[in-house]
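Please look through the sequence and the model below before reading on, and keep the residue numbers at hand. The briefing that follows is meant to be read beside them.

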Amino acid sequence: MTIELEEAKKIVAQKKIDCDKLLVEIVQQQRSADEQKKQVEQDAARTEVEAKECQAIREEAQAELNKVLPALQAAQDALDMLSKNSVTEVKSFVKPPPLVEKVMSAVMVVLGRQTTWAEAKKALGEPNFLGKLKEFKKDEISNSTLKQLSKYTKQKDFNVDTVTKVSVAAGALCQWVKAMELYAKAFREVESRRNALAHAESKLKKKQADLATAQAHLNEVIQKVQRLQDRYEASEQEQGRLRKQAQALETKLSRAAKLVNGLSGERERWEQSVVTLDASIRNLVGDCAVAAAFVSYAGPFPSEYREEL
């Protein structure tokens, strides 16, 4: 039992050393996790701010474009109201009124064609002329086109009401030209914001990816700390169990020692009894012989006589 107690004490001591090592590692890992968590939270806050900035740029750009949407829709509605007869009316002019010719020249500028009346009549004669205007790629209007177009649109008489008095169809085309110019200018202003937005979103996307990687690494560290804590708790429980077992063995040994000490006073009496018993065993045969002889000799006599003998 003493040997068993010594072994248990050694195991308990080793478990304590293991627990202390685990505790040191847990503290180190927890400190690292806390630092990483702080960094991740700071990065997340900065990323959120940049995401809001991107959203603000996007909303500003869309707001600028939204300003010209009513004019675009009005031009679209005006074109929808035109019929082939209206286009034919403009085309039928051999010598068009100056305002009509001016409007058609502006239309040709937008379409990137020659600004002659002959070219304008050719365009008007195309089967899908109005469809081309409706589906025109207004995002692709160049700076040189805008510069050339401004020569017409800056003139005082180049307005929808004035042109409409001369020709309804030309008035609708004038409205379309002005809407294209308005949109192209707005698009130029928005383009810088769009470029800034694309750059900001590219940076934001990279930071979000880096943040996700850092968060994943942080989660791994947190899980590692949790596993270490679980091991520490299990080791602590095992250490406690072994300590209780050692204490129980120590208690048993203490009780056994008390019992032995309590019986030490009987030792001399037991030793004397052993000597007496040894002597009795040596005389046992003679005693038996004497007893047998007495029984054989005195057996026939009455009991009263045997008692006297």
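The points below go from the whole chain to helix contacts, then to a pocket and a few single residues.

This is a predicted model, and its protein chain has 11 helices and zero strands. Read from the N terminus, the elements therefore follow one another as α-α-α-α-α-α-α-α-α-α-α, each of them being a run of helix. Of the 309 residues in the protein chain, 28% count as buried.

**The chain as a whole**

- When contacts in the protein chain between residues at least 6 apart in sequence are considered, 80% of them join residues that are at least 24 apart.
- Helix 1 covers residues 2-81, while helix 8 covers 168-263 and comes after helix 7, which covers 160-166.

**Helix 3 with helix 4**

- The axes of helix 3, residues 98-111, and helix 4, residues 117-124, come within 9 Å and cross at roughly 75°.
- Because crossing angles of 65 to 115 degrees count as roughly perpendicular, helix 3 and helix 4 are described as roughly perpendicular to each other.
- On the side of helix 3 the contact is made by V100, E101, M104 and M108, and on the side of helix 4 by W117, E119, A120, A123 and L124.
- Sorted by class, the residues in the contact of helix 3 with helix 4 are seven nonpolar and two charged, with no polar residue.

**Helix 3 with helix 6**

- Helix 3 also meets helix 6, residues 143-153, and here the two axes come within 9 Å and cross at roughly 175°.
- Because angles over 145 degrees count as roughly antiparallel, helix 3 and helix 6 are described as roughly antiparallel to each other.
- The residues that make this contact are K102, S105, A106, V109 and V110 from helix 3, together with T145, Q148, L149 and Y152 from helix 6.
- By class, the contact of helix 3 with helix 6 has five nonpolar, three polar and one charged residues.

**The largest pocket**

- The largest pocket holds about 230 Å³ of space, and its lining includes K84, V87, T88 and K91 as well as L124, G125, E126 and P127.
- Also in the lining of the largest pocket are N128, F129, L130 and G131.
- Which helices each supply at least two residues of this lining? They are helix 2, residues 84-91, and helix 5, residues 129-134.
- Helix 2 gives the largest share of the lining, which is four residues.
- Divided by class, the lining of the largest pocket has five nonpolar, four polar and three charged residues.

**Single residues to find in the model**

- S167 sits in the loop between helix 7 and helix 8, and because buried means under 20% relative accessible area, its value of 1% makes S167 buried.
- If neighbours within four places in sequence are left aside, S167 is in contact with E89, V90 and V100, and V100 is also one of the helix 3 residues in the contact with helix 4.
- M180 lies in helix 8 and is buried, with a relative accessible area of 7%.
- The C-alpha atom of M180 is separated by 7.9 Å from that of V110, although the two residues are 70 residues apart along the chain; V110 is among the helix 3 residues that take part in the contact with helix 6.
- Is D80, a residue of helix 1, buried or partly exposed? With a relative accessible area of 42%, D80 is partly exposed.
- The C-alpha atoms of D80 and K134 are separated by 8.7 Å, and these two residues are 54 residues apart along the chain.

Terms used
Residues are numbered from 1 along each chain as its sequence is written. This is a predicted model: local features need pLDDT of at least 70, side-chain atom pairs count only at pLDDT 80 or more; totals for chains, interfaces and linings use all residues. Side-chain values use heavy atoms; hydrogens and water are left out. On a 1 Å grid over the protein atoms alone, a cavity is a set of points where a 1.4 Å probe fits but cannot get out, and a pocket is an open set with protein on both sides within 12 Å along at least five of seven lines; lining residues have an atom within 4 Å of a point. Grid points are joined across faces, edges and corners, and a volume is the space filled by probe spheres set on the points. Ala, Val, Leu, Ile, Met, Phe, Trp, Tyr, Cys and Pro count as nonpolar, Asp, Glu, Lys and Arg as charged, and the others, Gly among them, as polar. Axes are lines fitted to C-alpha atoms, for helices over the stretch in contact, and angles run from 0 to 180 degrees between N-to-C directions. Angles under 35 degrees count as roughly parallel, over 145 as roughly antiparallel, 65 to 115 as roughly perpendicular and the rest as oblique. Contact means heavy atoms within 4.5 Å. Buried means under 20% relative accessible area, exposed over 50%, partly exposed in between (1.4 Å probe, protein chains only).
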